[in-house]
Number of protein chains: 2
Amino acid sequence: MLTNERHEFILNMLAEKQTIKIQDVVDATAASESTIRRDLTELENQQKLERVFGGAVLPDRNLMEQSVSDKSTQHLQEKIRLAKFAATFVQDGDSVYLDAGTTTFQMIPFLKDKDITVVTNGLTHVDSLNEHGITTYLTGGLMKSRTGALVGAQTVQSLQNYRFDRCFLGVNGIHEEYGYTTPDPEEAAVKRLASSLSRKAYVLADHSKYNKVSFAKIMDLAAAVMVVDRMPDDLLAILEKKTTVKVES
Amino acid sequence: MLTNERHEFILNMLAEKQTIKIQDVVDATAASESTIRRDLTELENQQKLERVFGGAVLPDRNLMEQSVSDKSTQHLQEKIRLAKFAATFVQDGDSVYLDAGTTTFQMIPFLKDKDITVVTNGLTHVDSLNEHGITTYLTGGLMKSRTGALVGAQTVQSLQNYRFDRCFLGVNGIHEEYGYTTPDPEEAAVKRLASSLSRKAYVLADHSKYNKVSFAKIMDLAAAVMVVDRMPDDLLAILEKKTTVKVES
DNA sequence: TTGTTTTTGAATGAATTTAATCGTTTTTGA
DNA sequence: TCAAAAACGATTAAATTCATTCAAAAACAA
């Protein structure tokens, strides 16, 4: 059995069973214990797994994967559907700003085959963007560990160097009077600037955001096209007086 | 069996089994081992397959692999020792630039209890910095998927906003005459600028870098303090005429 | 046929991977 | 807490694979 095969085998075994014992791997591969040990240290160096006494476990997931599988991230399927819908607005040749956040994150797989350049302030986005072969620029700035977003004066300044065809933002609240809002004023500032640098701005919001108001105002409703999933007709009628609303489904 | 036929045969076999062993091909074709080896070398040059020890695999499984391909634990341990040593130069209150790269990455755990602010262009660094509770700014810029570094004009501009007390750089070559060198000119430009913005610059290099010259020059030896592990006395004598050398051990 | 070029196969020593050993560290369970 | 058992890293020897070289065989051209 070739080294690569063994490595693949070990990783598959690990993916299937979550944790593996060295002896089990030895028995399953007919290689010596030394060899398996060497394999495990090598795979650990590649961050493909994490060694523990007696075997190995799956590595720590990154921030976005954690939050995606987190119970607090509700409506995942709906977010994915919404993200897919939003991605249809992106065209070849576009330069796109992708805001940090879980919904925009879900757009990435659907951008795969488009010939675009992406700028993002979402640290958690870059690995995925990279995996999907998308040319990616990151804004500078201070890392907010909780959300994995870059914010602050440096982020604002970085952004000034770009102009976008389209910009996709996540928000926490949508309200007829108070506009788009989000909890963190610094993130709000970044979102506001990004949209102002963009020919066309889109706000992605699932129905749980309707008529909510969060602390920091980003901008008025009219400043962006609203991309939403199902929405009550009466609310839709009200919002459509303020801005364009694209309803998925 | 004609050469072309053999090549076809090998590629089919590979397409079917994903991984092939040289001996299996020899048995299946009744050609000699030498011949099969020649075939594989040739096919690899045509990028039709990738050779591995003992056989061959399909090419470009994913190009992420190559970036983290260092498998020797030996090497890694030495890097950790060197990184630990380098970290002793950091003092409370410092603002520190941490270059992208594996050696500087290993410094992070040793910076844990220091009261510092870190700026880095290394995407791979941020999670670890975050885990260790270190205030971190990221430069902006284009993401190079191979090295996980941010480079380019935006990175340069981001950097201009900072001034550092100390800056820690990795390099690929150290040479008395040609100075510090690295393969990528864009990364070289970033390193050069970072060191010029720093009160004190340090270059981390293990012994495998001595007397090597890479494509892009970063700067002269005198522009940074050299932090190295063991070093032959005669070479040390030469380099110490050019700059300060801190030897770990 | 004869001479030339190309391909093949075998041999060699170097390089790499694997297996086994041994002293040390960690875990387990009484 | 202590001792036995299991797992560990490091070292070393064995086995396997590799690149190189060179001569024989085959293909080719004149």
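**Figure 1. The loop that holds A:Asn211 in the predicted model.** In chain A of this predicted model, strand 12 (198–205) and strand 13 (216–219) are joined by a loop, and A:Asn211 lies within that loop. Although A:Asn211 is not a glycine, its phi is positive, at about 60 degrees. Most residues other than glycine have a negative phi. With a relative accessibility of 48%, A:Asn211 counts as partly exposed, because that class covers values between under 20% for buried and over 50% for exposed.

**Figure 2. The loop that holds B:Gln47.** In chain B, the residue B:Gln47 is found in the loop that runs between helix 3 (33–45) and strand 2 (50–52). B:Gln47, which is not a glycine either, has a positive phi of about 65 degrees. The relative accessible area of B:Gln47 is 64%, and this residue is therefore exposed, the cut-off being over 50%.

**Figure 3. Chain A, the setting of A:Asn211.** Chain A contains 10 helices and 15 strands, and its C-alpha atoms fill a box of roughly 70 × 40 × 35 Å along the principal axes. Of the 249 residues in chain A, 52% are buried, while among contacts between residues at least 6 apart in sequence, 56% join residues at least 24 apart.

**Figure 4. The surface and charges of chain A.** Chain A exposes about 11700 Å², of which carbon and sulfur atoms supply 47%. The chain carries 29 positive and 34 negative side chains, and the centres of these two sets lie 3 Å apart.

Note on methods. Residues are numbered from 1 along each chain as its sequence is written. Chains are lettered from A and ligands numbered from 1 in the order in which they are written. This is a predicted model: local features need pLDDT of at least 70, side-chain atom pairs count only at pLDDT 80 or more; totals for chains, interfaces and linings use all residues. Side-chain values use heavy atoms; hydrogens and water are left out. Helices (H or I, at least four residues) and strands (E, at least two) are DSSP runs, numbered from the N terminus. Buried means under 20% relative accessible area, exposed over 50%, partly exposed in between (1.4 Å probe, protein chains only). Contact means heavy atoms within 4.5 Å. Accessible areas come from the Shrake-Rupley method with a 1.4 Å probe; for residues, only the protein chains shown count as cover. Lys and Arg count as positive and Asp and Glu as negative; His and the chain ends are not counted. The place of a charge is taken as NZ of Lys, CZ of Arg, CG of Asp or CD of Glu.
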